[in-house]
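Me: I would like to learn how to read charged pairs and buried residues in a protein model. Could we go through one together, step by step?

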Amino acid sequence: IHLVARGQIPHRDFFSTQTPLHPYLYAPVELVAGRDLLALRLVSVALLGVTFGALLLWVGRRFSGWGALVTSVVLLSSGSLISWSVVVKTYAGANALMALGLYFLWRGSEGERRLPFVAAGVALGLATGVRLFGIVPWGAFGLVCLALALLRRRAGLGEAARRAILPLGGGFALGILPTLALGLLSPDATFFGVWRYHQLRSTSPGLALRAQALGDVAWQICSQRPHLVLLLLLAVGGVARLKRLWPGLSAGERLFWLGAGAICVSFTAALTTPWPFFPQYFTATLPIFLLPFAGIACARLAEERVLAGLVIVLALGLGSWGLPAEAARFSSSPRWSLASYERVTRAVAELTPPEGRVVAFWPGYAYGSGSRYYPDAVNDFSLFIATKVTPSERERFHLFGPEELIASLSGPERAEVLVAGTPPPALTRTATPEQLDRLRG
């Protein structure tokens, strides 16, 4: 974010593991407020507000009365969605844009206008520029439209799908244009950061190990994030309810629900492709795509006031327990608590001379201290990935590996070095005992 605020470009000028638009959401705030983590988090909160606003707008248009109330409570008490959307990661921006995309897909499906599909495509194209997974909702809905358009015997659905294909595709092309423009400034570095890095990151496991890991993630979600389980159960109930409502739905409504179902399935499958994968991959975004189906179930339950009240109490109870539990996962780790962050950044600021440069195993400490980054020491993931590429690639892709770290300890361009935690194994294999002693000191 700081480098973008200074005019540098992701991938071309520094190493990044994401598509390039994420820092551009935050850099303008740094230009106004300086290097202030709280200001950046307020941007994330605003983006979370966009996510909630888009989904609540859909709820208000689709339901009324108690149905809208119950669905809104279920959404607003989603601790996992909230907790990962108030930190300075890709989730907040990507979620906001994907929620807008989902809303416009609904608007396009409920009428004859094509402009909402254009807006949906633009939103999902921009979401892809923030987080690569943003391409999945667009691809899933687009494939459903293409398949239905080819089924000429289903004239109603086929016509609705054909009406959506070109606007949705054209909007996506517009939305992805900034990402392509930035990527073409350094195609090889962009490809390395967005794709090849993730392939080099670890060896893909066999199906048995992947299935075991998925089971572990499912258990963590069930035991530690019960609100998501409630949302999932409501979504399953909503699918069952939709089967009964199906004959009375218009062709456009059927298109939306088929596309929304394809998004849920394909997005869940896509989240299992990285290795390793973590619970937040699922819990931070899936509530957005589960909500429409959960809303159908909530509307049905709202017909019985007792059931509606029970769901509201249950959602609020699980939410009030889940959100503090999510926060405790961060604050219980000294490395990630705000108090520790502020203490370390103050120490770095005091120890670093005015023209000094800082190397930190987590660069956030250098950011918060207001100190200068040592060249290319802006991403902690590069420390281990640099050992898997050639020296020329390290230089071309701006990777700061163990050799660069060791070199920063001496000479006229030496840096103040901050070690947060244990040095990576790749570093301990490369450094001499004297150099490791200096690092630990």
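Reply: Let us begin with one pair: arginine 107 forms a salt bridge with glutamate 110, and the closest N and O atoms are 2.9 Å apart. Please keep in mind that this is a predicted model.

Me: What is the general idea behind such a pair?

Reply: Side chains of opposite charge can pair when their charged atoms come close. In this structure there are six salt bridges, and one of them is the pair of arginine 107 and glutamate 110.

Me: Is glutamate 110 buried, partly exposed or exposed?

Reply: Glutamate 110 is partly exposed, because its relative accessible area is 33%, and the partly exposed class lies between the cut-offs of 20% and 50%.

Me: Which residue pairs with glutamate 303, and how far apart are the closest N and O atoms?

Reply: Glutamate 303 forms a salt bridge with arginine 300, with the closest N and O atoms 3.0 Å apart. Glutamate 303 is exposed, with a relative accessible area of 51%, whereas arginine 300 counts as partly exposed at 36%. Salt bridges can also share partners, and in this way Arg61, Arg107 and Glu110 are joined into one network.

Me: Which parts of the chain does the salt bridge between glutamate 393 and arginine 196 tie together?

Reply: In that salt bridge the closest N and O atoms are 2.8 Å apart. Glutamate 393 lies in helix H20 (residues 391-396) and arginine 196 lies in helix H10 (residues 187-200), so the pair ties together parts that are 197 residues apart in sequence. Glutamate 393 is buried, with a relative accessible area of 13%, while arginine 196 is partly exposed at 26%.

Me: How should I read a buried residue such as histidine 227?

Reply: One careful way is to ask where the residue sits, how much of its surface is accessible, and what surrounds it. Histidine 227 is found in helix H12 (residues 226-245), and its relative accessible area is 6%, so it counts as buried. Its side chain makes a polar contact with the side chain of serine 77, at 3.1 Å. Once neighbours within four places in sequence are set aside, histidine 227 is in contact with residues including Val74, Ala315 and Leu318.

Me: What share of the residues in the whole protein chain is buried?

Reply: Buried residues make up 51% of the 441 residues in the protein chain, which has 23 helices and three strands. Among contacts between residues at least 6 apart in sequence, 73% join residues at least 24 apart.

Note on methods: Residues numbered from 1 in each chain as written. Predicted model: local features only at pLDDT ≥ 70, side-chain atom pairs only at ≥ 80, totals over all residues. Heavy atoms only, no water. Salt bridge = Lys/Arg side-chain N within 4 Å of Asp/Glu carboxyl O. Buried < 20%, exposed > 50% of the residue type's maximum accessible area, 1.4 Å probe, protein only. Helix = DSSP H or I, 4+ residues; strand = E, 2+ residues; numbered from the N terminus. Contact = heavy atoms within 4.5 Å. Polar contact = N/O pair within 3.5 Å; in protein donor to acceptor, adjacent residues only side chain to side chain.
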